[in-house]
Every structure is written in structure tokens, then in C-alpha cells.
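User: Hello! Could you walk me through how to read aromatic contacts in a protein model?

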Amino acid sequence: MLLDLLHWLVQPASPAARRLGYAGDSVRLASRSRRCRAAWAPHLAAAKDAVRAAMDNLPRRDTAVVLGSGLLDDVPIDSLAGAFRRVVLVDAVHPWRGRLRARGHPNVARLVHDLSGTQDLLLGRGEGFGPVLPPVCREADLVVSANLLSQLPILPVARLEAAGRLGPWTDPEAFGARIVAAHLDALAGLPARVCLVADRDETEEDRDGRVLERIDLLYGVDPGPAPREWEWVLAPFGEVARDRRLVHRVAAWPEWRRGA
């Protein structure tokens, strides 16, 4: 806990990201990724493979944009930086680990952006959704949404549940679905090739393999059938409870298109 507090204090983050909890979430994610390194390894390798597959046969390799870059655990940053003239990493918080992994690549830039589109709503500055994607996505040849889709609603929905109302929103399920759908709508409107890697659901299991609970992480929004799927042991036994583990079903589309 003291180490996490120190990391939070030195985390490069805007006041808004700290106030809304994104800085704290980034610190907790980094801590869990260290503790669960072995359990996460197959998932991280599969996610990187999906991004590399998305790079194949691109007619142009000028600009790649990574949405939800974070720690860069699941992003083959060396491959991207070597293949594209410019790589832009986009997230609400760019932690030190991600910055260090991108170090040495002068063609890699960072951009701070609220990818949920809800920042002004959460801060009481407006009642609508802001721009979900930064303008650079319109210039890109490849846009990667990296294990981001299910993460976008987490803090906004939690804030709505605590407050009871955010602008016109009172239903957490509808609010979560709107955030997920808005991200997919924005990706579908891009001229770039889109690589989508996303958690579909979370299963809580006991040591006998019995399913105790299953949660739809996308609030009923379906990106469509995926050519690649795998399980991610997010929290192995002993991480959240001695006799329970959390498993995510992850899907990947190296070339996602709506309706494809």
C-alpha cells in the first residue's frame, strides 16, 4: 500500500485524471500486473500477436495510433515503432512504465485524451459526451483499441452509481452501454484499419471450476463475431480470494469492421 501511494504521488497525471480516479486505477493495474505476471503472460502475448497481425499488408505505414496504451504490456511497441513513421499513444494517464518502454523510439509520441468522452460530464462541466477519439485518428493508417473497450465505462458507471444522477443519466446499465457503443461508433467511422482487442465477459470460478458469477463487461453491446478468442486469468487464486479466481474472455479483431 505504501509503495502504491508513492507511485500515485509520482505518477504523471493531470488534476482531472487524479480527481476522477484514473491515476489511482493506473497504479493498481501496474501493481496487479507485477503480482500476476505469469498468469497474464499468455493473454499479453496473444494481444501483441493480434496487433502484429493487423500490421500485415497495410498499403501505407505512416501513422499508427494506440488507444488505451497505458503500461504498454499488451502492445508490441518495438514492432510498431519500427514499422511506422509515427506512433501516437493515447490514454488518460501515461504511467512511467509505459514511458520507459517507449523510450528510445523518437517517433513515438504521447497524447492525453479522455477516451470515454465523459470527463466534462463527470466534472460537472456539461451534460453531453465529448469527442471520444482525438483528431489524429482520422490521419492514421492503423488504430489499435488495446484492451480498452470494457475499461471505458468502469469509473464513469461507478461515479453514476455513487451520485444517483449524472446530467441526464440515471440508469448505470444504459450509461455503460452508451459509452461502449460510442467507442465502437467512433472506430467504425475511421478510414484507418482498426485493430480491436476487448474483454467480453468476466467469470468468477471456484477451485472445482464452478461458475459463481458471470458479468457482461460490454453491457450487452456486441462488436460481432471475433476471429480470435482466448481466456485471460485476470486474478488467479489468491489474488482476490484464496478459493476464487476471475477469468476474462477476450476477443480480438486484427481488422475490425462493423457487421463483418
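User: Which residues form one aromatic cluster?

Analyst: Happy to help! This is a predicted model, where local features need pLDDT of at least 70 and side-chain atom pairs count only at pLDDT 80 or more, while totals for chains, interfaces and linings use all residues. Residues are numbered from 1 along each chain as its sequence is written, and side-chain values use heavy atoms, leaving out hydrogens and water.

Rings of Phe, Tyr and Trp (its six-membered ring) pair if their centres lie within 6.5 Å; planes under 30 degrees apart are stacked, over 60 edge-to-face, and the rest tilted. Here, one cluster is made of F129, W169 and F175.

User: How many aromatic pairs does this rule give?

Analyst: The count is four. One of them joins W40 and W232 edge-to-face, with 5.1 Å centre to centre and 85° between the planes. W40 belongs to helix α4 (residues 37-55) and W232 to strand β7 (residues 228-235), 192 residues apart. Such helices (H or I, at least four residues) and strands (E, at least two) are DSSP runs, numbered from the N terminus.

User: Are W40 and W232 buried or exposed?

Analyst: Buried means under 20% relative accessible area, exposed over 50%, and partly exposed in between (1.4 Å probe, protein chains only). Both W40 and W232 are buried. F129, by contrast, counts as partly exposed because its relative accessibility is 22%.

User: Where does R207 lie?

Analyst: R207 lies over the face of F237, 4.4 Å from the ring centre. A charge sits over a ring if NZ of Lys or CZ of Arg is within 6 Å of the ring centre and within 35 degrees of the ring normal. Likewise, the charged end of R99 sits over the ring of W96, 5.4 Å from its centre.
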